[in-house]
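The following note sets out points for discussion on the structure shown below. Each point is brief and may be checked against the coordinates.

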Amino acid sequence: MSSADPQPPPSLGATVVGLYALLPSEFTAARNAAAADAGRAGDKDLAKRIKALPKPSTAAWLVNLLAHRRREDLDQVLELGAALREAQEDLDQKQLRRLSTERQRLLRAIVRQARDLASELDHPVSESLAAEAEQTLWAAMTDPSAAEAVASGQLVRSLAASGWEEVDLDGAVADPDSIAHGAGGRAGAGRVGAAKDKGGSQDSSAVRLRQAEARRAVRKAQADLEEAAAAERTAQEALDAAQREVDESAGRRDELTDEIDELRERIRQLEREVATVDRRSGKLERERDHARRAARAARRAAEKARQKLADAQDAADAGN
């Protein structure tokens with residue numbers, strides 16, 4: 001192919017992936033350039049569709065940032081959401097409580113990571129926008145379709161959850177056709193077995209022997225079951241105790257993290273106050289130096305006046 005041959009037009013999917021991985025300040029220029037490239041390649045419809053791609057809100061961009069640059073951390077959030085939905089469907093309150101505690105810890109941690117990453121990219125976000133991004137991630141945990149939208153990395157706006165209801169995704173994704181929403185349901189198959197009595201002329205003693213063996217097998221199975229159940233209770237108690245310690249440790253870590261954030265904010269506040277005091281101190285020192293020079297000049301003037309008075313008195317005394 002010669003250099004004069006037209007380049008093939010970019011696909012919409014590839015363009016969307018590239019655009020929504022950019023900083024907000026880079027989006028508009030890159031989108032317009034991609035639309036122009038598609039137009040020059042002869043695909044006017046694609047150029048029009050690219051040109052119509054909306055710039056993501058800051059909260060949506062922050063979530064897209066996780067999809068593109070912290071994928072493993074985002075996957076943990078979405079996997080925990082799947083576990084939460086399963087516990088909700090099973091009405092497993094104990095599992096729900098445990099997973100809810102883990103959800104709070106994980107969401108706070110990943111949003112904090114997203115804010116740090118945004119700051120590293122010279123695009124810091126406010127607390128309110130971070131909270132909006134956290135709400136979007138929570139919505140993705142409640143609804144599998146919302147999870148797919150978040151995982152696509154092409155959110156246009158933030159999402160909101162209403163309990164465990166379906167999340168409104170209308171206009172939330174740049175290229176909805178590129179997301180394959182799963183529609184599979186639960187399916188199960190039961191095993192059906194039938195036990196038939198064998199006919200025939202079996203000897204009654206043989207039957208009684210088998211019945212006795214069966215009763216012994218039942219008693220042994222019951223003993224094994226009781227032993228296993230006791231071991232299960234012991235293991236569950238140990239698991240519950242360990243989980244409580246993990247939850248307490250996670251809660252304490254969150255408390256310490258909050259204290260660190262508060263202390264950092266307090267330090268910043270004190271630094272601002274120190275700067276204000278330094279400015280005032282400099283002004284006061286300049287005023288003091290001015291007053292010192294004025295005082296020295298006044299002392300010199302007073303000394304001269306006293307000397308003149310003494311000379312005048314001496315002259316008056318000499319004339320008498």
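In which helix does Ala-133 lie? Ala-133 belongs to helix 7. The numbered points below refer to a predicted model.

1. Overall composition. The protein chain contains nine helices and zero strands, and its elements, read from the N terminus, follow the order α-α-α-α-α-α-α-α-α. Of the 320 residues in the protein chain, 25% are buried. The exposed surface of the protein chain amounts to about 21,700 Å², with 51% of it supplied by carbon and sulfur atoms. When contacts between residues at least 6 apart in sequence are considered, 64% join residues at least 24 apart.

2. Ala-133. This residue of helix 7 has a relative accessibility of 2% and therefore counts as buried, the limit being under 20%. Beyond its neighbours within four places in sequence, Ala-133 is in contact with Ala-59, Leu-62 and Val-63. Ala-133 and Trp-61 are separated by 72 residues in sequence, yet their C-alpha atoms are 8.8 Å apart in space.

3. Glu-132. Helix 7 spans residues 127–142 and includes Glu-132. The relative accessible area of Glu-132 is 31%, so this residue is classed as partly exposed. Outside its neighbours within four places in sequence, Glu-132 is in contact with Ala-59 and Ser-158; Ala-59 also appears among the contacts of Ala-133. From Glu-132 to Val-63 the C-alpha distance is 9.7 Å, although their positions lie 69 residues apart in sequence.

4. Asp-122. The loop between helix 6 (93–120) and helix 7 holds Asp-122. The phi angle of Asp-122 is near 60°, a positive value in a residue other than glycine. With a relative accessible area of 68%, Asp-122 is exposed.

5. Salt bridges of helix 6. Twelve salt bridges are found in the whole structure. One of them joins Arg-105 to Glu-102, with their closest N and O atoms 2.6 Å apart. Because Arg-105 and Glu-102 are three residues apart in helix 6, about one helical turn separates them. Arg-105 is partly exposed at 28% relative accessibility, and Glu-102 is partly exposed at 28%.

6. A link between helices 6 and 7. Arg-115 and Glu-127 form a salt bridge through their side chains, at 3.0 Å from N to O. This pair connects distant parts of the chain, with Arg-115 in helix 6 and Glu-127 in helix 7, twelve residues apart. Arg-115 is partly exposed, at a relative accessible area of 23%, whereas Glu-127 is exposed, at 58%.

7. Charged residues of helix 9. Asp-289 and Arg-292 form a salt bridge in which the closest N and O atoms are 3.4 Å apart. Both residues lie in helix 9, three residues apart, or about one turn of the helix. Asp-289 is partly exposed with a relative accessible area of 25%, and Arg-292 is partly exposed at 41% relative accessibility. As for Arg-296, helix 9 (residues 204–319) contains this residue, which is partly exposed at 35% relative accessibility.

8. Larger charged groupings. Arg-296 is one of the residues in a patch of positive charge on the surface, together with Arg-293, Arg-299, Arg-300, Lys-304 and Lys-308. Elsewhere, a network of salt bridges links Glu-265, Arg-268 and Arg-272.

Terms used:
Residues numbered from 1 in each chain as written. Predicted model: local features only at pLDDT ≥ 70, side-chain atom pairs only at ≥ 80, totals over all residues. Heavy atoms only, no water. Helix = DSSP H or I, 4+ residues; strand = E, 2+ residues; numbered from the N terminus. Buried < 20%, exposed > 50% of the residue type's maximum accessible area, 1.4 Å probe, protein only. Contact = heavy atoms within 4.5 Å. Patch = residues over 30% accessible without salt bridge, like charges linked within 9 Å, V, L, I, M, F, W, Y side chains within 5 Å. Areas by Shrake-Rupley, 256 points an atom, 1.4 Å probe, with all protein chains shown as cover. Salt bridge = Lys/Arg side-chain N within 4 Å of Asp/Glu carboxyl O. Lys, Arg positive; Asp, Glu negative; His and termini not counted. Charge placed at Lys NZ, Arg CZ, Asp CG, Glu CD.
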